[in-house]
Amino acid sequence: MDLKSNEPFWLVKNGIINSYPSLREDTDCDILIVGGGITGSLIAHQCMEDGYKTLLIDKREIANGSSSATTSMLQYEIDTPLYELIKMIGKKGAVASYRACSKSIDMLQKVCKQIKSKSGFKKKESLYFAAFKKDMGWLKKEFEARKEAGFKVKWLGADAIEKKYQLQKTYGGILSEQGASVDAFTLVHEILEFNMKRGLQVFDKTELVDVKSNKSGNEATLQTGAKIKTKKIVYCLGYESATMIKEKFVDLISTYAIVSEIDETLSKKYNDVLIWNTSEPYIYLRTTDDGRFLIGGEDEEFINPQKRDKLISKKEQKLLKSFEKYLPHIPFHSDFAWAGTFGETKDGLPYIGEHKDFKNSYFVLGFGGNGITFSVMGMEMVSDWMKGKKHSLSEWFKFGR
């Protein structure tokens, strides 16, 4: 399954950062991580922090799946509004999930500082505005739910939004203090490079084809014929996990994004804010660290990569119209356009935990708009499980919930 179009901005901008070998000899490890995107790199980082002999494989080039196509808007807001999530899973689980997302942004910032990252991690505010007048009722309800849960939020009326951001045709919205953005593609390579210096083994173009379980763990067979003996496997495959697991647990969606030419003067005003709205599907907007605007949305049900990518030109025009609608005073000269695939779950939450069909294994599957922050949560959860500890979020993130 191909998860992105041919030329997402981050892949072209960064080029080949590092190269990795394929694995062709038998070996062993404590933990085998399958998937070399942002999730796999973060889990590998935590495993190295905890002192495990860790090996990571990917069937493609490293970070060439979803991590090269993501728009990397780091938000604590889950795709399911807090007040709705409370109805679905109860106040305890909903608030805990939102708080964990908020904490994850700070945790990722610490990782970036630890490895001296140059991936452009930047803390930002997050503005969630009403796209239609009819959305005002439930958006104010969401504001009150977040405020009651202790999140630092402000309500801005349409006039206040226009004055602060020059955004047109809004009806008010929630301004949150907690948010960030990053270049996930670069960050993956930086995390892996940092950890390879202390013993992490990384192999790409190395596909897992079979796993046999035994009392001491698993034996993984690769397409190259090599075998890996490992105590635990952590699957960080994102949407490709849908082809592994029998039951249907996620809907695949294609999203589209465009990036403008560089104009640091025009983009400067928006460098400290993430912007998204209540339309379905929602529009999301941010700047990049090199002075470009990025706008995305126009989601479609995923059918196949070919049909998804044929829509890029049409979606580009629609996104340009959306940008012009909300920021008519800013010219947007499109420089890159691409598509990526993500997953929607029934409650907006990830699937992180064990699955009955996969022995001695964990899955860390961060779906929706919070994929990266969910992956950071997975670091803590896997770390606890490896030490025989329970984790408070397991109940809400488990398979079969």
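A residue is called buried here when its relative accessible area is under 20%, exposed when that area is over 50%, and partly exposed in between. Asn360 comes out at 24% relative accessibility, so this residue counts as partly exposed. Asn360 sits in strand β19, which runs over residues 358-365, and its phi is positive, about 50°, although the residue is not a glycine. All of this comes from a predicted model, and the same goes for what follows.

Gln166 is another non-glycine residue with a positive phi, in this case near 60°. Its setting is a loop, the one between α7 (158-165) and β7 (173-176). With a relative accessibility of 25%, Gln166 lands in the partly exposed class, because that class begins where the buried one, under 20%, stops. The backbone also has a cis peptide bond, from Glu280 to Pro281, with omega near -5°. Pro281 is in a loop too, between β14 and β15 (284-287).

Stepping back to the whole chain, the secondary structure adds up to 13 helices and 19 strands. The radius of gyration is 21 Å, close to the 21 Å that the globule rule gives for 401 residues, so the chain is as compact as a globular protein of that length. Laid along its principal axes, the C-alpha trace spans about 65 × 45 × 40 Å. Buried residues make up 59% of the 401 in the chain. As for contacts with a separation of 6 or more, 76% of them join residues 24 or more positions apart.

UniProt, in an unreviewed entry, lists residues 30-380 under "domain: FAD dependent oxidoreductase". Over that stretch the chain is 33% helix and 30% strand. The C-alpha atoms at the two ends of the stretch are 17 Å apart.

Two helix residues give a feel for how distant parts of the sequence meet. Ile191 belongs to helix α8, residues 184-196, and its relative accessibility is 0%, so it counts as buried. Leaving out residues up to four places away in sequence, Ile191 touches Ile38, Ser41, Leu42, His45, Val111 and Ile115. Ala44 is 147 residues from Ile191 in sequence, yet their C-alpha atoms are 8.6 Å apart in space.

Ser102 is the other example, and it is found in helix α5, residues 91-114. At 15% relative accessibility Ser102 is classed as buried, since the limit is 20%. Once neighbours within four places in sequence are set aside, the contacts of Ser102 are Tyr76, Phe151 and Gln178. Its C-alpha atom is also 7.2 Å from that of Gln75, a residue 27 places away along the chain.

Next comes the empty space. Rolling a probe the size of a water molecule over the atoms shows where such space is left. A search of the whole structure turns up one cavity of 30 Å³ or more. The largest cavity holds about 60 Å³ of space. Its lining is made up of Phe129, Leu167, Ile275, Trp276, Asn277, Ile283, Leu285, Ile295, Ser322, Phe323 and Tyr326. Sorted by class, that gives nine nonpolar residues, two polar ones and no charged ones. Both β14 and α11 (312-326) put at least two residues each into the cavity wall.

The second largest pocket contains about 580 Å³ of space. It is lined by 26 residues, and those nearest its centre are Asp79, Thr80, Glu280, Tyr282 and Glu344. Glu280 is also the residue that leads into the cis bond to Pro281. By class, the pocket lining splits into 10 nonpolar, eight polar and eight charged residues. At least two lining residues come from each of α4 (82-89), β14 (273-277), β16 (293-301) and β17 (334-344). Strand β14 therefore turns up in both linings, because it supplies at least two residues to the pocket and at least two to the largest cavity, with strands taken as DSSP runs.

Notes. Residues numbered from 1 in each chain as written. Predicted model: local features only at pLDDT ≥ 70, side-chain atom pairs only at ≥ 80, totals over all residues. Heavy atoms only, no water. 1 Å grid on protein atoms, 1.4 Å probe; cavity = no way out; pocket = protein on both sides within 12 Å on 5 of 7 lines; lining within 4 Å. Points joined across faces, edges and corners; volume = space filled by probe spheres on them. Helix = DSSP H or I, 4+ residues; strand = E, 2+ residues; numbered from the N terminus. Nonpolar A, V, L, I, M, F, W, Y, C, P; charged D, E, K, R; others polar. UniProt positions renumbered as here; feature names shortened; annotations may be inferred. Rg over C-alpha atoms; globule rule 2.2 N^0.38 Å. Buried < 20%, exposed > 50% of the residue type's maximum accessible area, 1.4 Å probe, protein only. Contact = heavy atoms within 4.5 Å.
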